[in-house]
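Open the model in your viewer and keep the selection tool at hand. Each stop says what to select and what is there.

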Amino acid sequence: MTERDNAAGEVLERTAQETSPEVGQTAVPARPTKRARRRVADTTFNGLAIGAGAFIILILGAVFIFLLLESYPAFIAGKEEISGTADFTKGMGFWQYAGAALFGTVLSALLALALAVPFAVAIALFISHFAHRRFASVLGYIIDLLAAIPSVVFGLWGIRTLEPIVRPVFEWVSNVLTPPLQWWVDHVPFMGEEGGLAQFDWWPLQPSLVAFTPPARNIMMGGLVLAIMILPIITSLCREVFLQTPKLLEEAALGLGATRWEMIKMTVLPVGRSGIVSAAMLGLGRALGETMALLMVLSAGLQVNFNLFSPGQHSTIASQIALNFPEAHPGLQRQVLIGIGLMLFALTFVVNWLARRVLARYAEFSGANA
């Protein structure tokens, strides 16, 4: 062997003696490296995230299966069986009853959305671009607190305070709009004549649309209360969206000679369009599932028409469940109510799906699609 081989052997033997434990001693495990610890943390976080997503899907699936299994007998039951067992259906079959409640739910939510969105956008623009910073912070804090008021408080306030205030307003609107609508029915072809559109309850443009009958416990009153309830939610989200508009765009528009309104119209509103849609859809979801406020404000009925100012015409799914479920007997009565609950579940799912489709179309603002 050469001297180089002898030196290499001595080095290997010395290294083995230094690294091998002596007799009676245990080997000390090597500490995990920083990269190994980071890999364990990433794996753990990945598993938790996947588990949380799967848990939500399982919960939704369990709710759907429960509603479907419990309400399936009501789907296949005959009209005579349901009307004889569940007197709250007013002699209607399941699908007629569910359709009437679904119509009232959608109508009240759309009225609330039509009333709330313009005011919410205007208030959010005032807070973000017009009001003094200190006053804007105080006003924004108050609006955030309004979102925490329980719905039963809104219901009590609506029936005790708001109803006497809006009663003369509804009467004035009825007196102003009834004559033009009556002229429309009398003079426009295919309207008031026999077989015309005015003969059908589902046609909105007729005098019964605004025919007011006191008290003001009608679907318009319910939509007004719902609009006040969802106004803080839409306003808060729109305010945050408007505040994220790039300052360079605003300053460039003002530097080119645009007025404050022109700057908002050209920069703030286009950038925050998808955020406004997100806020409106969130408010719509709150309005669709509202229970106590509408239960206290509305004079319930099961009609499918557009008599917005007449009491005893409409009701909502959530109100029907809250009103009838405590006294419903096990069996077909509860199955009917669970069945309309399944309809509300499906409706909210469709609304959320449509919201995602709208956001995918108007995705100029990246933060609103998160």
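Select residues 260–271 to bring up helix α9. The helix has twelve residues. From its first C-alpha to its last it reaches 16 Å, close to the 16 Å expected at 1.5 Å a residue. That expected span is 1.5 Å times one less than the number of residues. Helices here are DSSP runs of H or I with at least four residues, strands are runs of E with at least two, and numbering starts at the N terminus.

A word on the source: this is a predicted model, in which local features need pLDDT of at least 70 and side-chain atom pairs count only at pLDDT 80 or more, while totals for chains, interfaces and linings use all residues. Residues are numbered from 1 along each chain as its sequence is written, and side-chain values use heavy atoms, with hydrogens and water left out.

Stay on α9 and show side chains. Which residues of α9 are buried? They are M263, I264, T267, V268 and V271. These residues cover an arc of only 115° around the axis, which puts them on the same side of α9. The arc is taken from the directions that run from the helix axis to the C-beta atoms. Buried means under 20% relative accessible area, exposed means over 50%, and partly exposed lies in between (1.4 Å probe, protein chains only).

Now add the partners. The buried residues of α9 pack against α4 (94–130), α7 (219–243), α8 (247–255) and α10 (273–288). Contact means heavy atoms within 4.5 Å.

**Helix α5**

Next, select residues 133–146 for helix α5. This helix has 14 residues and reaches 20 Å between its first and last C-alpha, close to the 20 Å expected. Pick out A136, G140 and I143, which are buried in α5. They span an arc of only 60° around the axis, which places them on the same side of α5. Turn the helix over: R134 and Y141 are exposed on the other side. Which helices do the buried residues of α5 pack against? The partners are α4 and α7.

**Where α4 meets α12**

Keep α4 and add helix α12, residues 317–324. Their axes are 7 Å apart and make an angle of about 120°. Axes are lines fitted to C-alpha atoms, for helices over the stretch in contact, and angles between N-to-C directions run from 0 to 180 degrees. The two helices α4 and α12 are therefore oblique to each other. Under 35 degrees counts as roughly parallel, over 145 as roughly antiparallel, 65 to 115 as roughly perpendicular, and the rest as oblique.

Show the contact residues of the pair α4 and α12. On α4 they are Y97, A101, L102 and T105, and on α12 they are I317, Q320 and N324.

Zoom to N324, in helix α12. N324 is buried, at 13% relative accessible area. Not counting residues up to four places away in sequence, N324 touches F88, Y97 and L337. Put a distance label between the C-alpha atoms of N324 and L337: they are 7.9 Å apart, with these positions 13 residues apart along the chain.

**Two more helix residues**

Select S151, in helix α6. S151 is buried, with a relative accessible area of 19%. Leaving aside neighbours within four places in sequence, S151 is in contact with M229, E290, M292 and A293.

Move on to S274, in helix α10. S274 is buried, with a relative accessible area of 1%. The C-alpha atoms of S274 and A355 are 9.9 Å apart, and the two residues are 81 apart along the chain.

**Backbone stops**

Most residues other than glycine have a negative phi, and most peptide bonds are trans. Select K90, in the loop between α3 (79–85) and α4. K90 has a positive phi of about 60° although it is not a glycine. K90 is exposed, with a relative accessible area of 65%.

Then select P214 and P215: a cis peptide bond joins them, with omega about 0°. P215 sits in the loop between α6 (151–187) and α7.

**Zoom out**

Show the whole chain. How many helices and strands does the chain have? There are 13 helices and zero strands. Of the 370 residues, 37% are buried. Among contacts with a separation of 6 or more, 74% are between residues 24 or more positions apart.
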